[in-house]
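Got your viewer open? Here is a stop-by-stop tour, with what to select next and what you will find there.

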Amino acid sequence: MGRFSLGIVFAAALLAQQDAASLLEQKCLHCHGGTPLGKLDLRTREAALRGGEHGAAIVPGAASTSKLIRMVSGLDTPRMPLGGALSPAEIDLLQRWITAGAPYPGRPLTAQQKLTVTPEPPLRDADRNWWAFSPIRAPGGSIDQWLNQALAGAGITPAPRAPKATLVRRAYLDLLGLPPTPAEVAAFVHNPDPQAWPKLIDHLLASPHYGERWGRHWLDLARYADSNGYEHDFDRPHAWRYRDYVIRAFNDDKPYHTFLTEQLAGDEIPHPTYDSLTATGFLRGYAKVGFREKDNPEFRYEYLDDIIATIGRGLMGLTVQCARCHDHKFDPISQTDYYRMQAGLFGYVELDHPLVPPAEAQAWRAGNARIDQAIAALRDQLRSLEAPYTARILPEKYKRYPANVQQAIATPEAERTPGQVLLANRVIRTTRATPAEIDRLCTPADLAARRRLQQEITALEKQRPPAPPLAMGVTDGDYRFTPDGPGDEPAPGKGVQATNLVGSFLHEGPGRYTAPPSFLLIRGDRHAPAEPIGPGFPRIADPASRPTALPPPHGKTSGRRLALAHWLTAPEHPLTARVMANRIWHHHFGRGLVASLDNFGRMGDRPTHPALLDYLATEFRTRGWSIKALHRLIMTSEAYQRDSTGESGAAADPANRLLWRFPMRRLEAEIVRDQVLAVSGALNRTLGGPAVFPPLPEELLASSTKGIWHRQPDGPETWRRSVYVYRKRGLPFPLFEIFDLPDQNIACGARNVSTVPTQALYLMNDPFLLRQATLFAGRIREAGGDPVDHAFQLALARAPRPEERAAVDGLSLEALAQVILNLNEFLYLR
């Protein structure tokens, strides 16, 4: 190659270097410069080669395998840069630059745009005028007035009132999730009292089984489960007390604004009760990695995001979580709004509350602390004794990991890159020398000393005072993580590290509790904090600028969560009453007036009857936030009592959005099981208490080795209502899953409803259901008389039709029972 050609190549390489440096400065260094996101610093060649949390960004001479190229071209996600994709020409420039060896100029690169927080956009009139953000109006009228007005406008004649037998079954399944007995059906059908219907509703609302039915709806929203989820799926031994709190709250008709306040700030109200402390389990409903909060501090922002999403979607009907990394794309919720809400929650820490008087709780803690101290000293001796043997065992175990992991572990701790820190810590924390491995290497003297120390630890553990009743909840504390060595136990007095200690509050020192600082995170990256931010609420729903903290008299918490609860239930709040009234309507009719229960924003559905929704929200508040009062209002309407058959509006409104007839709907999974147990006569109606574990197939249990599933026999102990079946995130109960159990990791407002062949196959072949059919047949046999009539009355609350009698003629009682339990009518609310 001639000198002239060499000059061209050199000039082209120099130009590529200059252009690439300019491109990095313009498009990349505002995130990967002075405060690098993901710990990836692109200012110097050395830093770029070292990489960030995901390894090296560039591999000189190998553009196709360089992480930088894969990210900017969208081969790996998320596509970079976040502010807007590079053009093909810009990507080609970076590829040529890396192929040429990724040369840098003789200086560190400098961002041409400083990383800043986007100014909060002003609220527009169009935002304020969106229907969900406008004040709730009191339109007057009645449910039927607003519905019939729409029907008349569409030229539709509504269906007539349903037969009384249909109504009584509808009411029982809707409010209790259990079928009426033939005697209860007959009593209502033959009751001439014009007030029989409202009296029946009052009777059902007074039943303790009402809370089991309607509490289950709320538990979906609260993403309730009895296990943590994720890989290890640890048991939550005290979670069931929150479930029982919810059931009691519905049975007691606890005013909704009190119900919300206890769940968001039950430890912050002026006089906390056992119920209010238990209620804070709502904030701990998220799926969780590991067991203790200190084990995986990097997930704390994920848990906060889950809480914000649950409050936003569940209580306000807004997808606030969409503003974590940038302003909401569709709704007037800024990123600053998101972090204001996060600041109000930021001081929370996990805590198991003792449900005993403070003196008793303190004595229990003190007794445990003395034993902890003694055991810690013995464990120090044990670790010292085992250290030489562990040092021989672990290096051999590390050899089974990939070379890059071994290199990370071998690198001195102070010299590890961020990626190596992550790799090394995870492996070191989870790789252990087993007792058997240590025993095989121990000298006789060390083995004897080791056994003696273990026996002393076991003896001390037996001296622990019995634990009081505990409720899984939260309080305020110091969230800052100062982890000890890998696998160390939490040290008392270190804020969140002490969250497995049990007491009413973590803040026990002098003076009032001060909330930790919270920051707006640029693009949601916890490694890129911007300015500090105080607590607050989304501006669009805060016209009165409510207080953002209401410190309680006891001074042990910040009062920020209490302020959040008061803001949500304030008279001028446009969303809370609408959202809950819409949810209750949805569970009665199978579809909300706003079909998108969790999204009242621009990407959600508009209300089919806006004035009716405001009427319900107004009545809800003026009747003392009483959920039972709203049931009465809805169920005594003509619309609720209409027949579910007929074709009068089929042409004009085939989807029945105007409710010209009562909408039929499939029962939820739990109610399918509960109704089977009730009809067979096997249902154990015991209320509350720890979860039960119905038998599962052995092959299914073998596939789930993490967490727990106790082996209980199929019998009365497990034949309790389905709300008490253990909710294992990593192993959904098969009958529930096949009938559309929602994702137990996120808040669910409306369940999916599917119809698939496996549902029928399961009902026909599952051993539990076959046994219940046998018990059902026995119940029919014992009753005497007409077995076909009795079977239909028990299961369907009506007599058989002639063609149905003919169809089952000649069947054994067992076959008859199984046929009835598989009928669509049995599985549907009509």
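Start by selecting Gln 18, which sits in helix 1 (residues 3-27). Helices here are DSSP runs of H or I with at least four residues, strands are runs of E with at least two, and both are numbered from the N terminus. Is Gln 18 buried, partly exposed or exposed? Its relative accessibility is 44%, so Gln 18 counts as partly exposed. (Buried means under 20% relative accessible area, exposed over 50%, and partly exposed in between, using a 1.4 Å probe and protein chains only.) Now draw a distance from Gln 18 to Leu 345: the two are 327 residues apart along the chain, and their C-alpha atoms are separated by 47 Å.

Before going further, some ground rules. This is a predicted model, where local features need pLDDT of at least 70 and side-chain atom pairs count only at pLDDT 80 or more, while totals for chains, interfaces and linings use all residues. Residues are numbered from 1 along each chain as its sequence is written, and side-chain values use heavy atoms, with hydrogens and water left out.

**Colour by confidence**

Switch the colouring to pLDDT, the predictor's confidence in each residue from 0 to 100. The protein chain averages 89, and 92% of the residues score at least 70. Over residues 1-13, though, the pLDDT is below 50, and this stretch has two contacts in the model beyond near neighbours in sequence. A contact means heavy atoms within 4.5 Å. Next, select residues 480-504: pLDDT stays under 50 there too, yet the model has 67 contacts for this stretch beyond four places in sequence.

**Zoom out**

With the whole protein chain in view, you are looking at 34 helices and six strands. The C-alpha trace spans about 105 × 75 × 60 Å along its principal axes. How does the radius of gyration of the protein chain sit against that of a compact globule? For 830 residues the globule value would be near 28 Å, and the chain has 32 Å, which agrees. (The radius is taken over C-alpha atoms, and the globule rule is 2.2 Å times the number of residues to the power 0.38.)

Buried residues make up 53% of the 830. Of the contacts between residues at least 6 apart in sequence, 72% join residues at least 24 apart. Switch on the surface: the accessible area comes to about 36,100 Å², with 57% of that belonging to carbon and sulfur atoms. That area is from the Shrake-Rupley method with a 1.4 Å probe; for residues, only the protein chains shown count as cover.

**Helix 14 and a loop that meets it**

Select Thr 310 in helix 14 (residues 300-316). Thr 310 has a relative accessible area of 2%, so it is buried. Leaving out residues up to four places away in sequence, Thr 310 touches Leu 221, Arg 223, Phe 282, Leu 315 and Ala 747.

Follow that list to Arg 223, in the loop between helix 10 (208-221) and helix 11 (240-251). What is the sign of phi at Arg 223? It is positive, near 45°, in a residue other than glycine. Arg 223 is also buried, because its relative accessibility is 2%.

**Two backbone stops**

Go to Ala 102, in the loop between helix 4 and helix 5 (125-128). Phi of Ala 102 is positive as well, near 55°, and the residue is buried at 0% relative accessible area.

Then select Met 80 and Pro 81, which are joined by a cis peptide bond with omega of about -5°. Pro 81 is in the loop between helix 3 (67-72) and helix 4 (88-99).

**Helix 15**

Select Gly 344 in helix 15 (residues 335-345). With 13% relative accessibility, Gly 344 counts as buried. Which residues is Gly 344 in contact with, aside from its neighbours within four places in sequence? They are Pro 535, Arg 560 and Arg 561. Add Arg 546 to the view: it is 202 residues from Gly 344 in sequence and 13 Å away in space, C-alpha to C-alpha.

**Last stop: helix 18**

Finish at Val 427 in helix 18 (residues 418-430). Val 427 is buried, at 8% relative accessibility. Show its contacts and you get Tyr 398, Tyr 401, Val 405 and Ile 409, not counting residues up to four places away in sequence. The C-alpha atoms of Val 427 and Tyr 398 are separated by 8.1 Å, with these positions 29 residues apart along the chain.
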